[in-house]
Amino acid sequence: MRCYAVFTLSFLVQVSVSQAALFQSPPIQTIRVGDRAILNCSRDLGVLASINWYKRSDQRHLQFVYTVGKFLKAQGRFSGLVDEKSATYSLEIENVQQSDSGIYFCALQLYGEFGNGSNLVVSAQPPTIFLLAPQADQIAQMQLVTLMCLVRGVSSHSLSIRWNISGNTTEGRVDPLIFDPDGGYSVRSRFQIPAESWRSGAVCSCAAGQLVSDSVSAQKDSLQLQLCHVLSIGLAATLVFLAVGATTVAIRKYRKERKPVKGETAGKSTTSRRKDRERDIYAQLAIDTK
């Protein structure tokens with residue numbers, strides 16, 4: 001009877017352990033080369049001695065990475081941390097490299113139960129944020145101005161983007177993640193404001209976590225357009241003035257070269273008359289000698 005009770009108890013323990021769920025977080029984590037990555041695995045039925053972590057190298061094979069236990073030492077860049085209150089087994093990776101990118105799974109050692117997986121993306125580029133607005137000539141024909149906030153190198157699929165419109169903050173609708181060629185992820189959010197509010201000088205910006213974009217406004221755009229317009233007019237006027245001045249100088253120089261000087265004209269006339277008289281004298285002398 002006692003043996004039967006022990007067998008029943010061990011069977012119940014095995015069933016309860018095998019049915020324990022493992023939850024991993026975050027589902028997606030994007031960090032830069034050289035940073036530290038922390039992947040969490042929580043169990044809903046108490047604490048065990050240890051939990052294994054694996055990395056999926058391709059669609060078929062799992063590569064053992066590290067065993068997270070309370071008294072286990074670090075192995076190279078891999079270590080673990082156990083939180084008994086929340087039954088969480090965290091895998092820590094120091095000085096991550098791009099080769100560490102992959103999907104990581106936690107699993108119970110004896111019962112082969114796996115967590116839902118955590119995708120680790122190691123990117124060489126830091127996260128960036130941009131706020132894009134339509135061109136001024138396009139806005140003139142719009143009733144609603146569509147702004148787009150682009151965030152590259154995000155670290156979570158649940159990233160929220162906040163919009164600030166002239167001091168009023170609101171949450172924006174976020175599009176699905178886009179996988180970038182450099183191994184990171186990008187997320188976009190769009191926000192529309194009335195064109196009248198935009199033309200009235202509304203100041204707009206967006207933020208994601210600690211990242212804040214530059215502000216854009218119709219007033220800033222109009223000032224830039226006015227400045228370009230003034231510079232264009234000033235440049236055109238300067239070019240016209242220089243062209244007129246150069247033409248005037250050329251005409252004056254041409255007239256100066258073509259117009260004879262009075263002294264030179266008188267000298268030429270006197271010399272010409274003197275030569276005519278000498279020819280007349282020579283002609284008379286020739287006649288008298290005959």
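## A walk through the strands, disulfides and cores

Let us start at strand β1, residues 22–25, where L22 and Q24 make up a covered face, while F23 and S25 lie on an uncovered one. Please keep in mind as you look around that this is a predicted model. Strand β1 runs antiparallel to β3, and four bridges join the two. To find the register by eye, look for L22, which stands opposite R43 in β3.

Strand β3 leads us on to the disulfides. How many disulfides does a search of the whole structure find? The search gives two. One of them is formed by C41 and C106, with the sulfur atoms 2.1 Å apart. The torsion about this S-S bond is about 70 degrees, so the disulfide of C41 and C106 is right-handed. C41 belongs to strand β3 (residues 37–43) and C106 to strand β8 (residues 102–107), so this pair ties together parts that are 65 residues apart in sequence. Are these two cysteines buried or exposed? C41 is buried, at a relative accessible area of 0%, and C106 is likewise buried, with a value of 0%.

Moving on along the chain, we come to the disulfide that joins C149 to C206, where the S to S distance is 2.1 Å. The link of C149 and C206 is right-handed, with 75 degrees about the S-S bond. Here C149 sits in strand β11 (residues 144–152) and C206 in strand β17 (residues 203–208), so the parts tied together by this pair are 57 residues apart in sequence. Both of these cysteines, C149 and C206, are buried. If you number the bonded cysteines of the protein chain in sequence order, the pairing reads 1-2, 3-4.

Another cysteine deserves a look: why does C204 not bond to C206? The sulfur of C206 is the closest cysteine sulfur to that of C204, but it is 9.9 Å away, too far for a bond, because a disulfide needs the sulfur atoms within 2.5 Å. C204 is nevertheless buried, with a relative accessible area of 0%.

What surrounds C204? Leaving aside residues up to four places away in sequence, C204 touches L131, L147, N164, I165, I193, W198, D214, S215 and V216. C204 also has a part in the largest nonpolar core, which holds 24 residues; V151, I161, W163, W198 and C204 are the ones that touch the most other members. Two or more residues of this core come from each of β10 (128–132), β11, β12 (162–165), β16 (185–194), α3 (195–199) and β17. Among the contributors, β11 gives the most, with four residues. Apart from this core lies another, made of 21 residues, including C41, I51, Y89 and L91. In C41 we meet again the partner of C106 in a disulfide.

Our last stop is S217, in strand β19 (residues 216–217). Its relative accessibility is 10%, so S217 counts as buried, the cut-off being under 20%. Which residues does S217 touch, not counting those up to four places away in sequence? They are W198, A202 and V203. W198 is a residue we have already visited, as it is also touched by C204.

Definitions and conventions
Residues are numbered from 1 along each chain as its sequence is written. This is a predicted model: local features need pLDDT of at least 70, side-chain atom pairs count only at pLDDT 80 or more; totals for chains, interfaces and linings use all residues. Side-chain values use heavy atoms; hydrogens and water are left out. Buried means under 20% relative accessible area, exposed over 50%, partly exposed in between (1.4 Å probe, protein chains only). Contact means heavy atoms within 4.5 Å. Two strands pair if DSSP finds at least two bridges between them. A nonpolar core is a set of buried Ala, Val, Leu, Ile, Met, Phe, Trp, Tyr and Cys residues joined through side-chain atoms within 4.5 Å.
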